[in-house]
Amino acid sequence: MFDAVRNNKKIVQIFLALITLPFAFFGVESYVRSVGSGDDVATIGGDIKVTQQQFQQALREQQERLRAQMGQVDPKLLDTPEARKAIIDDLVDQRLLMLEAGKKRMFASDEAIRRTIGSIDAFKVDGKFSTERYEAALRAQGMTPAGFEAQLRQDLTLQQLAGAIGQSGLMARTVAERVLALQTEKREVMEYRLPLDAYLDKVKLADDAAKKFYDENSKQFELPEQAKVEYVVLSMETIGAQLAVTEAEIKSWYDGHKERFQQPEERRASHILVASEKLGKDKAKAKAEDLLKEIRKNPASFSDLAKKNSDDPGSASKGGDLGFFGKGMMVKPFEEAAYALKDGEISGVVESDFGFHIIKLTGVHVAKEKPLAEVKAEIEAELKKAASSRKFAEAAESFSNIVYEQPDSLKPAAEKFKLTVKQSEWIGRQPNPANGPLGNEKLLAALFSDDSVKSKRNTEAVEIAQNTLVAARLVEYKPTTLQAFEGVQGSIETLLKRKEAQALAAKDGEARLESLKKGEDKLAWGAPKSVSRLDARLIPPVAVATVFKMDAGKLPAYAGVELPGSGFALFKLSRLEMGAKLDDARQQAMLRQLSQLSAQEDVQAYLAALRNRYKVEINQAALEAK
């Protein structure tokens, strides 16, 4: 309950990343009926369009998100029919939800927008929302407050609608109990392996089999082109390391921005919450008033009463303690009451959207100004960053010109900007994050271009990340070469033999399985293994689905499964028993998972219905256009 008092933390966590995650909307105008072109990727209801430009923007933003999460990412990962279809489906689904939200008059209020933005840590300085930080963070992402707030409003509205859909479905108790029973059910199985190695001696390759495979699959035996490279990196960090900030500059900046270093008053309080939704408003208020009478008689009992009676699980175990908080961190009635108290005082019954509170003020941090010594390092870093940004913008153009105008060496650029010319080991054309700055696709394309290979001149200065430029040149080069057949003949023959042995093991396994099903069981089975859907570690992962699909109506039952690369396995199901009852915590956790899965299915079914209602059409030709 206290999570709700402070603000909805789940929503806050989602929006902590808003300034870096891609957002599928392109302003309210995207939902206004408009005339599209033949290049539109999708239409909704015949006249609402998802344009090619919007799709390409979403595709680029998805690439940026993956790059931020995983480092260097090959753009080809998203250049597949499946990936492109997933992105357009997401765009369409969000537009459908916005249309439906509008019809249902769902709308995120200004207060909800204000609370959410105010709770995002990325916009705070010393725990307090900073308008300066907010606007600077948005500028860094090429956004304006108006645009960001419009996007935020749309996303909160979508969340409201999707949440209502997902929470509207209930899984029948009997269904849930049956699913839990299946999860804990235990099956006693025995296993008989037909290992691939046992069939190797039976394989006889044709004399020309290896050579034929080599000729037909020559690409597999090519050694890709490689190069050794020297390169220089110009970044805002390297520029910043060469800059110095004087004491006078720091003092001047501090004097001119003292309002930023005002530490606002903070208060610490404990509370007892009687939730309205639990008892109903009248009974909750009556209970709170009775508790207040007890506390008035014996103020020292506050902590014990909070532990026994508070409906806020986050603070009840701590005697109601909420820790220190500033203005804007609590809901308004709670905040007003807490800031009206003196240290040690206890409030009357205070009503909020969550119920009725009794508040005890337990501490006050008065407002104060942070001294220069305390914030000196922070100011110095900020001044350096600002100066580095200016200097880098100036240096970037000069750096680019030098590596272009003096193409036979990187030393002139390195000397001018006090950089180190670094040399790589052998690297390939394909991007590899392990190669650091040389893992950039655009830079590698320039390095391995025909002109670069022939002339070994500097590449252009390539921006591999924000405020980071790299120029490079080939030092040594090895073209693509086909390995000699004699060098790979042995590995090819081993590959072919194992492939044939795998086929023999599978064929033998299927034949034995047929005999078992006819009642001819003469196998030396392994020791019995007890497995369940919750714990199937004793059998190969690839066999789990097969084992739990076996018909337990008539025992023993038999099944077989191919083990790729290692042979074939036969299984004998001899006994079935109910598993031990799950403890309450695990049972509740599994029921929550089932409810979440059910809610997801409800949302997907709802979206499918909306697609039919609004007649969504995907322009496959436009979608595949580069």
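# Helix packing and a few backbone details

Reply: To start with the helix pair α11 and α17 in this predicted model, their axes come within 10 Å and cross at roughly 105 degrees.

Me: What does that make α11 and α17 relative to each other, roughly?

Reply: Angles of 65 to 115 degrees count as roughly perpendicular, and α11 and α17 are therefore roughly perpendicular to each other.

Me: Which residues in α11 and α17 meet?

Reply: From α11 the contact takes in Glu247, Glu249, Ile250, Lys251, Trp253 and Tyr254, and these meet Leu372, Val375, Lys376, Ile379, Glu380, Glu382 and Leu383 in α17. By character, the residues of this contact of α11 with α17 divide into seven nonpolar, no polar and six charged.

Me: Tyr254 is on that list. Is Tyr254 buried or exposed?

Reply: Tyr254, which has its place in helix α11, counts as buried because its relative accessibility is 5%, and the cut-off for buried is under 20%.

Me: And what does Tyr254 touch, leaving out residues up to four places away in sequence?

Reply: With those left out, Tyr254 touches Phe261, Glu369, Lys370, Pro371, Leu372, Val375 and Ile379. Pro371 lies 117 residues from Tyr254 along the chain, while the C-alpha atoms of the two are separated by 9.4 Å.

Me: Back to α17. How does the span of helix α17 agree with what its residues should give at 1.5 Å each?

Reply: Helix α17 covers residues 372–405, and at 1.5 Å a residue its 34 residues should span 50 Å; the end C-alpha atoms are 47 Å apart, which agrees. The helix does have a kink of about 30 degrees, centred on Glu378.

Me: Which residues are buried in α17, and what covers them?

Reply: The buried residues in α17 are Val375, Ile379, Ala387, Ser388, Phe392, Ala395, Ala396, Phe399, Ile402 and Val403. Their cover includes two strands, β7 (226–235) and β17 (468–478), together with the helices α10 (236–241), α11 (247–256) and α18 (411–416). Val375 and Ile379 are thus named both among the buried residues of α17 and among the residues that Tyr254 touches.

Me: Switching to another pair: at what angle do α9 and α21 pack?

Reply: Helix α9 (residues 209–216) and helix α21 (residues 485–517) pack at an angle of about 105 degrees, with their axes 9 Å apart, and the two helices are therefore roughly perpendicular to each other. The contact is made by Ala209, Ala210, Lys211, Phe213 and Tyr214 on the α9 side, and by Phe485, Val488, Gln489, Ile492, Glu493, Leu495 and Leu496 on the α21 side.

Me: How many residues of that α9 with α21 contact are nonpolar, polar and charged?

Reply: The contact of α9 with α21 divides into nine nonpolar residues, one polar and two charged.

Me: What about α4, how far apart are its end C-alpha atoms?

Reply: The end C-alpha atoms of helix α4 (residues 81–103) are 33 Å apart, and this agrees with the 33 Å that its 23 residues should span at 1.5 Å a residue. Just after α4, Arg105 takes a positive phi of about 60 degrees.

Me: Where are Lys418 and Asn467, and what is phi for each?

Reply: Lys418 has its place in the loop between α18 and β14 (422–423), and its phi is near 55 degrees, a positive value in a residue other than glycine. Asn467 is found in the loop between β16 (462–465) and β17, and its phi is near 60 degrees, again a positive value in a residue other than glycine. Lys418 counts as exposed at 66% relative accessibility, whereas Asn467, at 25%, counts as partly exposed.

Me: Which peptide bond is cis, from Leu555 to what?

Reply: The cis peptide bond runs from Leu555 to Pro556, with omega near 0 degrees, and Pro556 is found in the loop between α22 (544–549) and β20 (557–563).

Me: Last residue, Tyr134: what is Tyr134 in contact with, leaving aside neighbours within four places in sequence?

Reply: Tyr134, found in helix α6 (residues 131–140), is in contact with Ile117, Phe123, Phe129, Pro145, Phe148 and Glu149 once those neighbours are set aside. Tyr134 is buried, with a relative accessible area of 5%.

Me: And for the chain as a whole, how many helices and strands are there?

Reply: The chain has 24 helices and 22 strands, and 40% of its 626 residues count as buried. Among contacts between residues at least 6 apart in sequence, 73% join residues at least 24 apart.

Note on methods:
Residues are numbered from 1 along each chain as its sequence is written. This is a predicted model: local features need pLDDT of at least 70, side-chain atom pairs count only at pLDDT 80 or more; totals for chains, interfaces and linings use all residues. Side-chain values use heavy atoms; hydrogens and water are left out. Helices (H or I, at least four residues) and strands (E, at least two) are DSSP runs, numbered from the N terminus. The expected span of a helix is 1.5 Å times one less than its number of residues. The bend at a residue is the angle between axes fitted to the seven residues ending there and the seven starting there. Buried means under 20% relative accessible area, exposed over 50%, partly exposed in between (1.4 Å probe, protein chains only). Contact means heavy atoms within 4.5 Å. Axes are lines fitted to C-alpha atoms, for helices over the stretch in contact, and angles run from 0 to 180 degrees between N-to-C directions. Angles under 35 degrees count as roughly parallel, over 145 as roughly antiparallel, 65 to 115 as roughly perpendicular and the rest as oblique. Ala, Val, Leu, Ile, Met, Phe, Trp, Tyr, Cys and Pro count as nonpolar, Asp, Glu, Lys and Arg as charged, and the others, Gly among them, as polar.
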